[in-house]
Amino acid sequence: MYFHPQKCKVLSVSPTGAHHRPIPLPFCEFFYTLNSVLIDYVTNQLDLGIFVTSNLNWSSHCEYITTSMISKFNLLRRTCYFLNNSANKRSLYLTMVRSLIEHCSPIWCNIGRTQLLSLEKLQKRVVKWIRNEPMASYSNVQYVLYLKGLNILPFKELFLYNDLRLFYQIVYNMVQIDIPDSIRPVDVVDLRPTRQNRDIIAGLDRTTLVDTSNSHKCSSTLRDSFFHRTTRSWNLLPYELRQSETLPIFLTKLKLNLFSYIDIDNIL
């Protein structure tokens, strides 16, 4: 395989995102060449459909995805103006629009409230379109009820759903991804006999994990990365749910669990 020098970029990743200095110092910045052609440094780069930035901030990618989703939805609405069946509209939305945001979401879904609100406002417009009520005004309570009726999760819960689905597959060795050594099952010997720990001590709860990396003392980039944030969410699930026998059973129970904990007051 041959690489084209003009199509290759160098992306330096650091907590501050700084990769250029006014006066490059030795061993601070390296220059890379391919076929004697100097490769340019960039601050962000689209790689396999994801915008990666030098400081691992995912706002640019979220804006990119939101814009793509809006374009796809507007195209869908113009093209299928004759469609009145809600079930068909829902299927089209999930297939053509919302599938864009589910691409590799465990990598980049750690986004701010502003980005979540933008996505949720778009989905509210979609719900009105699906229900053939484009001019209607929904309260937060009505909006959540309609989402439940359509079996569509809000985006905050959708990201958590995708995180936990992948985590379940990792825990039960369904994919070729290893859990970091710093995340391991709880050692019963280290536990005190409290009400919170009684199921673990009794041997009923076999899937509670402990993160020994002290990630809470690290930067937010590491603290909110996939394994560390998802371990916290995993431990909050009922142990009966975590110990579901198959993935489909786990996902069915998980969706019901997430629907029951939607923060209606802050969804929009």
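A salt bridge is taken here as a side-chain nitrogen of Lys or Arg within 4 Å of a carboxyl oxygen of Asp or Glu. In this predicted model, the side chains of E133 and R131 meet that description, with 3.3 Å from N to O. Neither partner is fully hidden: E133 is partly exposed at 27% relative accessibility, and R131 is partly exposed at 29%. The structure holds six salt bridges, and two further examples are taken up below.

Before turning to those, a word on the model as a whole is helpful. The protein chain has 268 residues, of which 37% count as buried. Its secondary structure comes to eleven helices and eight strands, and its C-alpha trace spans about 65 × 60 × 35 Å along the principal axes. Among contacts with a separation of 6 or more, 69% are made by residues 24 or more positions apart. Confidence averages a pLDDT of 87 over the chain, with 93% of residues reaching 70 or more. One stretch deserves a gentle caution: over residues 17-23 the pLDDT stays under 50, and the model has twelve contacts beyond four places in sequence for this stretch. Where pLDDT is low, the predicted coordinates should not be read in detail.

Back among the salt bridges, K9 and D40 are joined through their side chains at 3.8 Å, N to O. K9 belongs to strand 1 (residues 9-11) and D40 to strand 4 (residues 40-42), so this pair ties together parts that are 31 residues apart in sequence. Both ends of the bridge are partly exposed, K9 with 37% relative accessibility and D40 with 40%.

The salt bridge between R229 and D163 has an N to O distance of 2.9 Å. Here the partners sit in helix 9 and helix 6 respectively, so the pair ties together parts that are 66 residues apart in sequence. R229 and D163 are both buried. With a cut-off of under 20% relative accessible area for buried residues, the description of R229 and D163 as buried can be set beside the 37% of K9 and the 40% of D40, which count as partly exposed.

R229 also leads to N110, a residue in the loop between helix 3 (105-108) and helix 4. Beyond its neighbours within four places in sequence, N110 is in contact with R229, W58 and D224. The C-alpha atoms of N110 and W58 are separated by 7.3 Å, although these residues are 52 apart along the chain. N110 itself is partly exposed, with a relative accessible area of 35%.

Helix 6 and helix 9 appear again in the largest pocket, which holds about 850 Å³ of space. Its lining draws at least two residues from each of helix 4 (113-130), helix 6 (155-171), helix 9 (226-236) and helix 11 (247-260). Helix 6 supplies the largest share, with six residues. In total 29 residues line the pocket, and those nearest its centre are L116, K156, E157, L160 and S233. By residue class, the lining divides into 15 nonpolar, nine charged and five polar residues.

Two asparagines stand out for their backbone geometry. N132 has a positive phi, near 60°, while being a residue other than glycine. This residue lies in the loop between helix 4 and helix 5 (140-150) and is partly exposed, at 36% relative accessibility. N151 likewise has a positive phi of about 60° and is not a glycine. N151 is placed in the loop between helix 5 and helix 6, and its 35% relative accessibility makes it partly exposed.

A final residue of interest is H61, in helix 1 (residues 59-79). H61 is buried, with a relative accessible area of 0%. Apart from residues up to four places away in sequence, H61 touches G49, I50, F51 and W108.

Note on methods: Residues numbered from 1 in each chain as written. Predicted model: local features only at pLDDT ≥ 70, side-chain atom pairs only at ≥ 80, totals over all residues. Heavy atoms only, no water. 1 Å grid on protein atoms, 1.4 Å probe; cavity = no way out; pocket = protein on both sides within 12 Å on 5 of 7 lines; lining within 4 Å. Points joined across faces, edges and corners; volume = space filled by probe spheres on them. Helix = DSSP H or I, 4+ residues; strand = E, 2+ residues; numbered from the N terminus. Nonpolar A, V, L, I, M, F, W, Y, C, P; charged D, E, K, R; others polar. Buried < 20%, exposed > 50% of the residue type's maximum accessible area, 1.4 Å probe, protein only. pLDDT = per-residue confidence, 0-100. Contact = heavy atoms within 4.5 Å.
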